[in-house]
Amino acid sequence: MRRFATLTLLGLSVGGLVGCDQKPPPVIGAKPIEQSKAEEVEFKPPARPDTSDKAARQLLDEMLAAHTGGKPEKLSALKECSFTRKGIADTPVGRLTAVWKRDVVWPDNYRIRLETSDTSGNTTTQTYALRGPEAWYQLGDGNKKDKLPAGLVPNLKSQYHEDCVTLLFVLADPKTVAAGGPADKLGEKELATVDVWTPTGQHARLGIDTKTKLLTKVVYVGQEAETQQTSYTVTKELTFQEYKEFAGVKLGSKMFAQTRAKPLGEWTDLTVETTKPDAKVFDGP
């Protein structure tokens, strides 16, 4: 017997498939996330152009150069990597301490392992993965793997899209199409925006700091779980406050996430390993 406890985690609210024999995640008494509130109007992506706008492509290239010291070829190392974000997730049951571990082998292998731990060291784990056309989940490290319901696969693919954008490598792909967007602000920062469509056809609007040329904001239409079988679309917004360098690439390490209606999480620590993940980690049921 299994039940669904809707844990609205960053980008991946696939219902938080929690087994009956598992304890609910620990709720922590943390202060509210201090970040700018997103616009209330849901975001509507523009129509995708056939080719990149020259000025937008130049701005995108300037951003990639700022993150790589002028060597965007360094981004290829992130196509096959493992990375971890630690922080706090806002959920319907409260604010939870969280560790999200991801494994990526572009273009179609992806795994995310979610951990929450209480003050006694008891840990709840959930794993979701894509291996080509297959999607699966696992509750607890030693338990059976099951096929992910088809209606929730878009949630997992949406999170994969988000991670590929924040790792930047997908933005350097020659198949990515770029178009200019409206000017924006984040606090006192002036942002130039670029609309991008990745090789998978997915869209994101990038907010680029006009002074540093660093990626500061990402807005895209993602997914939330509606039932244990279905999902719905919702606007996601990510903002970056701090950066760390890995393999010669400066990545957003302190990240806030929210929808138009609520905060999703505050992620304060990032680590990246550029060793190719073992192919076995993607093996499903």
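These exercises work through ring pairs, salt bridges and strands in a predicted model.

Residues are numbered from 1 along each chain as its sequence is written. In this predicted model, local features need pLDDT of at least 70, side-chain atom pairs count only at pLDDT 80 or more, totals for chains, interfaces and linings use all residues, and side-chain values use heavy atoms, with hydrogens and water left out.

**Exercise 1.** Classify the aromatic pair of Trp106 and Phe169, and place both residues in the fold.

*Solution.*
- Start with the rule. Rings of Phe, Tyr and Trp (its six-membered ring) pair if their centres lie within 6.5 Å; planes under 30 degrees apart are stacked, over 60 edge-to-face, the rest tilted.
- Count the pairs. The rule gives five aromatic pairs.
- Apply it to Trp106 and Phe169. Their centres are 5.6 Å apart and their planes 75° apart, so the pair is edge-to-face.
- Locate the residues. Helices (H or I, at least four residues) and strands (E, at least two) are DSSP runs, numbered from the N terminus. Trp106 sits in the loop between strand 4 (94–105) and strand 5 (109–117), and Phe169 in the loop between helix 2 (153–166) and strand 9 (177–180), so the pair ties together parts 63 residues apart in sequence.
- Check burial (under 20% relative accessible area is buried, over 50% exposed, in between partly exposed; 1.4 Å probe, protein chains only). Trp106 and Phe169 are both buried.
- Widen the view. Trp106, Tyr110, Tyr160 and Phe169 form one aromatic cluster.

**Exercise 2.** Compare the settings of the salt bridges Arg111–Asp103, Arg113–Glu115 and Lys185–Glu190.

*Solution.*
- Take the criterion: a side-chain nitrogen of Lys or Arg within 4 Å of a carboxyl oxygen of Asp or Glu. The structure holds 18 salt bridges.
- Arg111 and Asp103: the closest N and O atoms are 3.0 Å apart. Asp103 is buried, at 10% relative accessible area.
- Arg113 and Glu115: the N to O distance is 1.9 Å. Both Arg113 and Glu115 are buried. They also belong to a salt-bridge network with Lys101 and Asp141.
- Lys185 and Glu190: the closest N and O atoms are 3.8 Å apart. Lys185 is partly exposed at 44%, and Glu190 is partly exposed at 41%.

**Exercise 3.** Describe the surroundings and pairing of strand 4.

*Solution.*
- Nine of the twelve residues of strand 4 are buried, so the rest of the structure largely encloses this strand.
- Strands pair if DSSP finds at least two bridges between them. Strand 3 (residues 80–91) and strand 4 pair antiparallel over twelve bridges.
- Pick out one position. Asp90 stands opposite Arg95 in strand 4.
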